[in-house]
Each structure stands twice: as C-alpha cells, then as structure tokens.
Amino acid sequence: MLGTLRDALKTQEMRKKIIFTLVMFLIFRIGSHIPIPGIDKTQIAALIEQVKLLGFFDTISGSAFKNVSIFAMSITPYINASIIIQLLTVIFPRLEALAKDDRKKIVEYTRYLTVVLGFVQAIGLSIGLRSTLTNPSVMSIAIIVLSLTAGTAALMWIGELITEKGIGNGISLIIFAGIVSRIPAGIAYLVEYAKQGMTNVLIVLAFLVLALVAIVCVIIVNQGERRVPVQYAKRVVGRKMYGGQSTHIPIKVNSAGVIPVIFAMSLMFFPGTIAGFFPDNAVASWITQHFTFTNVWYNLIYALLILFFTYFYSSITFNPIDVADNIRKNGGFIPGIRPGRPTSDYIMKVMSRITFFGGLFLAIIAVLPAIVMGFANMNIYFGGTSLLIVVGVAIDTMKQIESNMMMRNYEGFMK
C-alpha cells in the first residue's frame with residue numbers, strides 16, 4: 001500500500017488528484033467548524049451525552065453536529081435520496097430503463113431529492129432541538145433550516161467533485177474523513193477514562209485487542225471471495241483455435257461493501273427525525289426515549305436492515321442470468337452444470353449463501369459497539385459501523401489508485 005502511494009505521488013496526474021482530494025477534505029473540516037447562529041453548543045453537547053444515537057451521528061459527521069456547524073447533518077440526506085431512487089428503479093420499469101440509458105438524469109433526480117430530504121430533516125432537527133435554541137422564533141428556525149440544507153447541498157457538491165477530479169468515491173470519502181477526524185479524540189477519551197479510574201485498564205486493553213481483531217476480520221471478509229470454476233470448450237474459427245482454458249467467476253463474500261451499513265444507518269435516523277415534528281405526541285416521545293443506540297430492538301432492526309440491503313444491493317450489482325448468458329455465448333460452462341438456466345440457478349444459489357454470510361458478518365460488526373457499551377459501560381461511538389466504513393473505503397480507494405496506476409502503465413507500454 002505504501003509503495004503504491006509512493007508511486008502515485010511520483011506521477012503528476014495522480015499527485016494532482018490526491019492533492020485535490022486532500023484540499024476538499026480541508027474544506028470539509030473547515031466547514032465542520034463554521035457555526036450556525038441561534039443554537040446553544042453546551043446544551044447540544046449535554047444532549048449528545050444523554051442520547052447515544054446523537055453521539056453516533058456526531059461521529060459520522062466528524063463532530064460537525066456537536067459543533068452545530070453548517071455540515072451538522074453530514075451527507076445522510078444524499079444517502080437517503082440514493083436509497084429511494086434505487087428502490088424506485090426496481091419498482092418502476094420506466095425509471096429502470098432511464099437508469100440504463102441516461103445515468104445523468106438519475107443523478108440529477110438524486111440531487112433534487114437530496115435537497116428536499118435535507119430540508120425536511122433540517123426542519124425535524126430544528127423542532128426536535130428547539131430547547132437548545134437561544135431564540136426559538138420562526139425567523140431563527142428558518143435561518144437554521146436554510147443553513148443546514150445549504151450545508152448538505154455543499155457537501156454533496158464536494159463529494160461529486162472528489163469523485164470527478166479526485167480519487168475514490170467522494171460521498172464515501174466524506175464519511176471516511178468525518179470518522180477518522182474523531183480518532184485522536186477517541187484515543188484521548190479512552191486514556192482519560194482509564195486515568196480517572198472509571199474503568200479497568202484491562203478492559204481498555206481488551207477493547208483495543210477486540211478492535212484489532214475486528215479490523216483483521218473486516219479486511220479478510222472484504223478480500224474473501226468464492227471462485228466458481230468455468231471451463232471453455234475448444235472451438236475453431238478460420239485457421240485458429242480458441243478456448244480450452246479454465247477460469248473462474250469471483251463472487252465476493254462482501255460484494256456490497258459498506259453500502260448496506262450506510263443505507264441501514266441512514267434509515268435508522270428517520271424515526272427520530274419524524275418524531276421531532278411531534279414533540280408532544282406520546283408515540284413520538286416513546287421513539288425519542290427508547291429508539292436509542294443501545295436499545296435491543298433498535299439493534300435488531302438495524303441488523304435486519306443490513307441483511308436486507310446486503311441482498312438488495314448484491315442483486316442489483318450482480319445478475320446471475322446475465323453472467324450465465326455470457327458464459328454460454330462464449331462457449332463456456334461450469335463443470336457438472338448444464339449451460340443456461342441451470343447455470344444461473346447454480347450461481348444464484350452460491351451467491352445467496354455467500355451473501356448471507358457477508359450480511360451476517362456486517363450485522364454483527366455493526367451492533368458490536370452496542371454490546372461493548374453494555375458490558376464495559378463505556379461510551380464508544382467509534383464502533384463496528386465506523387470501522388466497516390473506514391476499512392472498506394480505504395480498501396476501495398487503494399484499489400482505485402492501483403487501477404489508475406495500472407492503466408497508466410498500460411498506456412505507456414502501448415506508446
């Protein structure tokens with residue numbers, strides 16, 4: 001990895017992309033400290049300590065929520081908009097056809113929906129956090145709502161710029177930067193926690209060992225794959241003979257990456273946002289009090305959503321019928337399996353088993369911090385979900401850098 005980064009920095013084009021990405025990170029971090037007027041920071045900090053879910057939301061936003069900055073909502077409205085658009089493309093055939101023929105139009109719809117959802121979420125946050133407002137007037141709430149919505153739109157724009165002119169997926173990298181920025185504060189928190197005698201040093205060491213084991217497991221699962229063997233028959237075209245070689249279809253254990261976790265996490269914020277519109281309602285009050293990060297039902301629903309989105313996203317990105325057709329058209333077959341429908345059924349069966357294991361692993365890692373907080377009585381926000389995002393985004397970004405370097409080497413060879 002270090003060698004790849006060193007070689008990338010030596011290349012002028014790659015160096016410009018990396019520097020551009022780092023500059024966008026700097027803008028993101030500066031924006032995370034630009035405050036919104038009219039909100040008491042001390043009350044927000046106290047509220048984050050009481051409501052664990054808000055603490056986790058603060059981690060994802062890179063402390064922008066605690067700082068009550070213009071980026072307090074992070075990029076979650078964009079993620080929610082992406083979820084809705086992808087679900088609609090599956091439901092409506094015309095939208096699915098549009099997604100295949102005109103991808104730019106889908107991106108445009110996602111942008112518009114992001115602004116709408118950001119506006120709705122900003123209203124929910126403003127009403128839900130009205131006790132922290134220094135002046136809870138209509139004009140003050142309107143300024144806060146517009147500031148939060150504009151901050152989300154700006155983050156969306158920064159993410160798209162990173163994807164276009166930088167390295168990696170811009171939206172994922174923004175979440176990555178927000179989480180990584182909290183690591184120094186998290187380490188200092190653990191040290192101070194141990195110094196004050198609020199927990200045993202052995203518990204802290206056990207937590208660090210558990211974190212290291214979790215990182216290793218995440219890397220192994222992300223890199224793991226099931227290789228389905230494919231044999232190509234020999235065929236004569238003119239005077240040349242083609243085929244006869246053996247290859248395989250790589251089916252990744254975690255083919256969906258961190259997308260299911262991000263999708264599920266974004267949806268879990270919806271109940272609290274909707275409850276903020278009805279502060280005096282009994283059901284809304286129950287959701288605010290019990291739908292928390294350490295609640296058993298919250299984590300169960302969270303795990304089930306991760307499993308669902310793992311299957312959903314894997315089925316979108318990998319179509320066994322198309323794969324089986326391509327194998328048949330090229331004269332290939334899976335040993336012991338007839339070409340056509342039996343091949344697609346076999347690939348679907350293998351993929352379902354692998355996807356279940358990958359989704360189950362994602363769910364376990366995602367709810368791991370809640371289990372640690374329950375047993376160790378430690379307020380840990382940098383947990384399984386953050387770990388999955390950081391490791392997954394880091395691996396995907398490094399793969400993109402390696403791909404760009406390889407393409408550049410091929411171009412030089414052809415010249």
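Q: Which residues does Thr-21 touch, not counting residues up to four places away in sequence?
A: In this predicted model, Thr-21 lies in helix 2, residues 12-31. Leaving out residues up to four places away in sequence, Thr-21 touches Ile-162, Gly-166, Ile-167 and Leu-173.

Q: Does Thr-21 count as buried or exposed?
A: The cut-off for buried is under 20% relative accessible area. Thr-21 has 7% relative accessibility, so Thr-21 counts as buried.

Q: How many of the residues of helix 9 are buried?
A: Helix 9 spans residues 170-180 and is mostly covered. Its buried residues include Leu-173, one of the residues that Thr-21 touches. Of the 11 residues in helix 9, the number buried is 10.

Q: Which residue caps the N-terminal end of helix 9?
A: The backbone nitrogen of Ile-171 lies 3.2 Å from a side-chain oxygen of the capping residue. That residue is Asn-169.

Q: What span is expected for helix 5 at 1.5 Å a residue?
A: Helix 5 covers residues 76-91, which is 16 residues. From its first C-alpha to its last it reaches 23 Å. This is close to the expected 22 Å.

Q: Which helix gives the most to the largest nonpolar core?
A: The largest nonpolar core has 67 residues, and Ile-75, Ile-249, Ile-251, Tyr-302, Ile-306 and Ile-347 touch the most other members. The helix that gives the most to this core contributes 10 residues. It is helix 17, residues 341-376.

Q: How many residues are in the other core, which lies apart from the largest?
A: Val-68, Leu-129, Ile-144 and Leu-148 are among the members of this other core. Its number of residues is 13.

How values were computed:
Residues are numbered from 1 along each chain as its sequence is written. This is a predicted model: local features need pLDDT of at least 70, side-chain atom pairs count only at pLDDT 80 or more; totals for chains, interfaces and linings use all residues. Side-chain values use heavy atoms; hydrogens and water are left out. Helices (H or I, at least four residues) and strands (E, at least two) are DSSP runs, numbered from the N terminus. The expected span of a helix is 1.5 Å times one less than its number of residues. A nonpolar core is a set of buried Ala, Val, Leu, Ile, Met, Phe, Trp, Tyr and Cys residues joined through side-chain atoms within 4.5 Å. Buried means under 20% relative accessible area, exposed over 50%, partly exposed in between (1.4 Å probe, protein chains only). A polar contact is a pair of N or O atoms within 3.5 Å; within protein, one must be able to donate a hydrogen and the other to accept it, and residues adjacent in sequence count only if both atoms are side-chain atoms. Contact means heavy atoms within 4.5 Å.
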